[in-house]
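I opened this notebook to look up the pockets of one protein model. My entries follow the order in which I looked.

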Amino acid sequence: MTARDITRLLDAVILNVAIGNVDSHAKNYSILLGPGAPQLAPLYDLMSGLAWTNITQNHAQAIGGQRRGSHIYGRHWRRMAEAAGLAARGTIQRVEQVTARLLRELPEAVAEVAAMPAGSAMLDIFAKEIEERATEVRTHAGQEGVPEVADTPDTEISPSGSAYS
């Protein structure tokens with residue numbers, strides 16, 4: 001993968017955390033093989049679980065040992081960066097850049113969806129939740145985190161026996 005593809009993959013991971021896509025897992029990232037060099041496929045299977053109280057807020061994949069989106073802080077992004085061979089400081093900066101862009105472009109995206117024939121029954125709710133989470137992710141990237149919030153191990157399973165409950 002090229003440096004550009006690695007950055008795009010990091011951006012995708014950041015975006016999925018910032019929109020509350022708790023179903024983002026390894027099979028949602030693909031490499032396109034063609035006549036040229038392999039490249040990262042466009043994102044697919046995007047969703048946000050933020051508007052529903054009965055959907056877990058634990059992401060399918062951990063960021064530096066933490067799966068709970070609202071508990072991901074700078075130390076988690078740095079751990080993930082180090083494990084992936086990325087610059088920790090550059091990763092934190094990228095979190096700030098991607099979330100800033102998301103927040104800047106969110107109003108236009110909401111307007112585009114609102115104009116679609118399917119309607120916008122929950123659009124305002126999702127826009128508000130995504131704005132709040134993206135702001136939180138951006139803020140938390142510059143913080144170490146609350147000591148009493150324990151990191152969630154990758155293998156955390158809920159009492160129901162499902163990692164997605």
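The entries below deal with two pockets and their linings.

Entry 1. I note that this is a predicted model, in which local features need pLDDT of at least 70 and side-chain atom pairs count only at pLDDT 80 or more, while totals for chains, interfaces and linings use all residues. Residues are numbered from 1 along each chain as its sequence is written, and side-chain values use heavy atoms, without hydrogens and water.

Entry 2. I looked up the largest pocket (an open set of points on a 1 Å grid over the protein atoms alone, where a 1.4 Å probe fits, with protein on both sides within 12 Å along at least five of seven lines). Its volume, the space filled by probe spheres set on the points, is about 650 Å³. I found 19 lining residues, with Leu15, Ile19, Leu102, Leu106 and Ala109 nearest the centre; a lining residue has an atom within 4 Å of a point. Helices H1 (3–18), H3 (88–114) and H4 (123–141) each give two or more residues to this lining, and H3 gives the most, 10.

Entry 3. I then turned to the second largest pocket, which holds about 360 Å³. Among its 18 lining residues, Val13, Gln61, Ala62, Ile63 and Met80 are the closest to its centre. Two or more residues come from each of H1, strand S3 (58–63) and helix H2 (74–84). H1 supplies the largest share, 6 residues. Helices (H or I, at least four residues) and strands (E, at least two) are DSSP runs, numbered from the N terminus.
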